[in-house]
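Q: Before we look at anything, could you take me through how to read the helices, the backbone angles and the ligand site of a model, one feature at a time?

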Amino acid sequence: MHIIEIYKSLQGESTYTGVPCIFVRLAGCNLRCTWCDSEYTFQGGRKMASDEIMAEVQRLSPSGGFVEITGGEPMLQEREVVPFMQRLLDEHYTVLLETSGERPLASVPADVIKIVDVKCPDSGEGDTFDLKNLDALTRKDELKFVLSSRSDYEFASDFVREHSLAGRVNAILFSPAFRKDATGGRDSSHCLLDPQQLAEWMIADDSPARLGLQLHKFIWDPALKGV
Ligand code: SF4
């Protein structure tokens with residue numbers, strides 16, 4: 001697999017937010033979200049064999065725990081990453097897969113917890129979600145909408161309603177997009193959509209979603225990589 005980085009930090013963008021987690025970040029993405037904070041994954045990466053990646057995971061966390069497979073878009077390396085996720089499960093790790101939802105997910109092992117984006121219009125990549133992936137979701141999976149505006153919020157709310165998603169997955173996450181050039185202050189002024197505004201819309205609508213903030217952006221400098 002082509003790997004950008006492997007490191008240990010806190011999970012920051014799901015209902016698992018706050019737990020220690022190893023991140024295996026794969027190279028390459030076929031989308032170009034306007035607010036992407038992972039552009040450094042688009043090219044390069046080091047070719048690593050499955051044994052080598054597993055050895056690093058075991059070094060960072062010898063007694064199990066959470067491993068998140070992320071990117072870029074990890075499912076672009078489906079042929080290698082799918083058996084690797086199964087291998088992690090066999091070694092008793094809890095595996096999270098963070099994916100854009102554009103690639104087919106039917107081959108992902110059933111015990112992997114999928115955290116699947118549905119790209120909203122202001123990401124510049126709206127309409128890329130593969131609707132067949134809704135059939136691959138189970139009750140332990142999570143759907144994430146990163147929002148930049150009121151129109152994104154309305155798109156996400158309509159999508160959840162039209163596909164009757166409430167109750168079909170473990171969580172529906174509405175998360176304000178972060179400015180990709182944010183640096184310095186660890187606060188919500190870097191959000192493209194004010195979290196307070198989003199919270200008020202969600203309360204007014206009795207939204208079935210839960211508000212998510214990118215925890216690591218509030219702990220470390222938002223420009224820092226590898227956290
Ligand atoms: S799918 Fe993820 S990695 Fe790819 S451009 Fe969008 S935010 Fe960046």
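Q: Which residues of helix 2 are buried?
A: An α-helix has 3.6 residues a turn, so residues three or four places apart point the same way. In this predicted model, the buried residues of helix 2 are Val 81, Val 82, Phe 84, Met 85, Leu 88 and Leu 89. They lie on the same side of helix 2, because the arc they cover around the axis is only 165°.

Q: What distance does helix 2 reach from its first C-alpha to its last?
A: Helix 2, which runs over residues 78-90 and has 13 residues, reaches 18 Å between those two atoms, close to the 18 Å expected at 1.5 Å a residue.

Q: How should helix 3 be read, and which of its residues are buried?
A: The reading follows the steps used above. Helix 3 has 13 residues and reaches 18 Å from first C-alpha to last, close to the 18 Å expected at 1.5 Å a residue. Its buried residues are Asp 152, Tyr 153, Ala 156, Ser 157, Phe 159 and Val 160, and because they cover an arc of only 160° around the axis, they fall on the same side of helix 3. On the face turned away from that buried side, helix 3 carries the exposed residues Arg 161 and Glu 162.

Q: Which residues other than glycine have a positive phi here?
A: Most residues other than glycine have a negative phi, and most peptide bonds are trans. Ser 164, although not a glycine, has a positive phi of about 45°, and its place is in the loop between helix 3 (150-162) and strand 8 (171-176). Asp 206 likewise has a positive phi, near 50°, and lies in the loop between helix 4 (195-205) and strand 9 (210-211).

Q: Is Asp 206 buried or exposed?
A: Asp 206 counts as exposed because its relative accessibility is 68%, the cut-off for that class being over 50%.

Q: Where is the peptide bond that is cis?
A: The bond from Gly 71 to Gly 72 is cis, with omega near 15°, and Gly 72 is placed in the loop between strand 4 (65-70) and helix 2.

Q: Which residues are around the ligand?
A: Gly 72 appears again here, as one of the residues around the ligand, together with Cys 29, Leu 31, Arg 32, Cys 33, Trp 35, Cys 36, Phe 42, Ser 100 and Lys 119. The residues of this shell divide into six nonpolar, two polar and two charged, and the space that the ligand takes is the largest pocket.

Technical notes
Residues are numbered from 1 along each chain as its sequence is written. This is a predicted model: local features need pLDDT of at least 70, side-chain atom pairs count only at pLDDT 80 or more; totals for chains, interfaces and linings use all residues. Side-chain values use heavy atoms; hydrogens and water are left out. A residue is near a molecule or strand if one of its heavy atoms lies within 4 Å of it. On a 1 Å grid over the protein atoms alone, a cavity is a set of points where a 1.4 Å probe fits but cannot get out, and a pocket is an open set with protein on both sides within 12 Å along at least five of seven lines; lining residues have an atom within 4 Å of a point. A molecule sits in a cavity or pocket if more than half of its atoms lie within 2 Å of its grid points. Ala, Val, Leu, Ile, Met, Phe, Trp, Tyr, Cys and Pro count as nonpolar, Asp, Glu, Lys and Arg as charged, and the others, Gly among them, as polar. Helices (H or I, at least four residues) and strands (E, at least two) are DSSP runs, numbered from the N terminus. The expected span of a helix is 1.5 Å times one less than its number of residues. Buried means under 20% relative accessible area, exposed over 50%, partly exposed in between (1.4 Å probe, protein chains only). The arc is that of the directions from the helix axis to the C-beta atoms.
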